[in-house]
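User: Please take me through this model, starting with the ligand site. Keep the answers short and define your terms.

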Amino acid sequence: MKGSESTALTTAPARTAGLAQLDALVEVVGQYSTARNYADGQTTSRLSPYLRRRLVLEEEVLGFARTVGTVERIEKFVQEVVWRTYWKGWLEARPGVWHAYLARLRSLDDTLPQADRNRLACAIAGTTDLPYFNAWCGELTSTGYLHNHERMWFASVWVFTLKLPWELGARFFLDHLLDGDPASNTLSWRWVAGLQTPGKHYLARADNIARYTSGRWLPQPGELDESARPLPDDGLARIAAVRPALGPDADEVRPRGVILHDEDCGPLPDGWARVSAVRYAVTKRPHHSPSELVARWVVGACADADTRVHTVTPAHRPDEVSEWCQANGAVEVWAYRPLTGFVATALAELAGELAQTGVTLRYADRAHDLVFFPLATKGFFPFWEAARVALKALHQSP
Ligand SMILES: Cc1cc2nc3c(=O)[nH]c(=O)nc-3n(C[C@H](O)[C@H](O)[C@H](O)COP(=O)(O)OP(=O)(O)OC[C@H]3O[C@@H](n4cnc5c(N)ncnc54)[C@H](O)[C@@H]3O)c2cc1C
């Protein structure tokens, strides 16, 4: 079965669907270290849309992996699962990198030269002279998913062959991927461009594409720029890290009122599920327009999460949340911390408005984040060394 078909068949925005998908991954996880780079057939888990909205938790995936095989056999898979955690923790400590990306989009929208606009239009319509690039574009927009290797090739071709600004490609991905995530997406695009590890970029090569698509695509000699230089260092990879703001473990909090948001649609501790909740729908996503597919997926994930709470009231504006607090006599409400991105910005604004009416919005964290975010201080490999020790202590893997 080819990638797009299997994604369309299996992806439903519900925790039960994610857990069922996880359960069926014995073979994929067992063969992951040798098969994962092949972008034909299901060589990877396709769990990312679930992990992204926390419908399935990292610790559940790590716990499952442990049951599949020896440490050596599952290590590569475990490492990839915690890459997500690493990117999240890295951006939490440097939220300015996200805000710089948004600021750059604003300026590109105003100043992009006409010739670049024309190339951009062809790239996102999938009408370039590069059939493989056009095919990835079609797969992304029709399924909301691309294999990791295809994402790397796509981003590299975008930046180094089509010579388009990386930020516009990152936006295209974020608007179309079901797993679109401010940290994994922004930082992966920066990594491909040679900005995240300054001076080291990822160049898509014709022979690599041919090999890992099992000959399905054979770029012609000279079609790809295989000798481009990395983009000039913008200094952002080296900005000083701030200590990520971490709250108490949600399991230890006994809230009287809860705010639900689309960044975390995961299982809730009993104490959270039993109280009344308000579902705050954040639609403000500056410089972005999520595709219909993504918008529907997020609505579905939120509806699924709502089934896990006692009562839930919808709210679209801060004053509606405020009214709900007054009606429920809540002077303190809790939410899972929204990690750097649109929801975090909207909830910071909401917290300001609630404060004016004497209500405090507090954040609690997932246990997984509390353990691993403080380890994301430098590059991935120092993180991984520390993470393996923590994973061992938690009996989750290597
Ligand atoms: C340019 C570019 C943009 C990307 N944008 C996103 C994004 O917006 N959201 C997103 O979740 N991932 C992103 N990735 C990372 C990666 O491509 C996807 O997480 C992965 O392809 C999802 O497929 P899967 O669930 O089958 O992964 P598997 O290979 O089965 O891995 C299991 C899980 O580990 C995590 N993971 C795997 N590889 C990576 C990685 N390289 N970086 C971070 N986490 C990883 C994911 O949560 C994934 O579900 C991007 C990569 C690139 C090169």
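## Ligand site and architecture

User: By class, which residues make up the shell around the ligand?

Analyst: The model is predicted: local features need pLDDT of at least 70, side-chain atom pairs count only at pLDDT 80 or more, and totals for chains, interfaces and linings use all residues. Numbering starts from 1 along each chain as its sequence is written. Ala, Val, Leu, Ile, Met, Phe, Trp, Tyr, Cys and Pro count as nonpolar, Asp, Glu, Lys and Arg as charged, and the others, Gly among them, as polar. By class, the shell has 11 nonpolar, 8 polar and 8 charged residues.

User: Which residues come nearest to the ligand?

Analyst: A residue is near the ligand if its C-beta atom, placed from the backbone, lies within 6 Å of it. There are 27 residues around the ligand. Those that come nearest are Thr-44, Ser-45, Ser-48, Asn-185 and Ser-188.

User: Which helices each supply at least two residues of that shell?

Analyst: Helices are DSSP runs (H or I, at least four residues), as strands are (E, at least two), numbered from the N terminus. The chain comes to 19 helices and 5 strands. At least two shell residues each come from α4, α6, α10 (148-161) and α12 (182-193).

User: Between which domains does the ligand lie?

Analyst: An automatic or database assignment sets the domain bounds. The chain is divided into domain 1 (3-93 + 376-393), domain 2 (97-238) and domain 3 (250-364). Two of these both give residues to the shell, so the ligand lies between domain 1 and domain 2.

User: Which element gives the largest share of the side of domain 1 that touches domain 2?

Analyst: The centres of these two domains, taken over C-alpha atoms, are separated by 23 Å. Their contact (C-beta atoms, placed from the backbone, within 7 Å) takes 19 residues from domain 1 and 21 residues from domain 2. On the domain 1 side, α1 (3-10), α4 (48-53) and α6 (71-93) give two or more residues. The largest share, 5 residues, comes from α6.

User: What radius of gyration does the chain have?

Analyst: The radius is taken over C-alpha atoms, and the globule rule is 2.2 Å times the number of residues to the power 0.38. For 398 residues, a compact globule would have a value near 21 Å. The chain agrees, with 21 Å.

User: Which element gives the most to the largest nonpolar core?

Analyst: Such a core is a set of buried Ala, Val, Leu, Ile, Met, Phe, Trp, Tyr and Cys residues joined through C-beta atoms within 7 Å. The largest has 106 residues, and Val-61, Val-157 and Ile-259 have the most contacts inside it. With 9 residues, the element that gives the most is α6.

User: How many of the residues of helix α11 are buried?

Analyst: Buried means 20 or more other C-beta atoms, placed from the backbone, within 10 Å of a residue's own; exposed means 12 or fewer, and partly exposed is in between. What covers the buried residues of α11 includes α7 (96-111), α8 (114-125), α9 (131-143), α10, α12 and α15 (292-306). Helix α11 (residues 166-176) is mostly covered, and its buried residues number 11 of 11.

User: Is Leu-370 buried, partly exposed or exposed?

Analyst: Leu-370 is in helix α18 (residues 367-372). Not counting residues up to four places away in sequence, Leu-370 touches Leu-246, Asp-249 and Asp-365. Because Leu-370 has 16 C-beta neighbours inside 10 Å, this residue counts as partly exposed.

Conventions. Contact = placed C-beta atoms within 7 Å.
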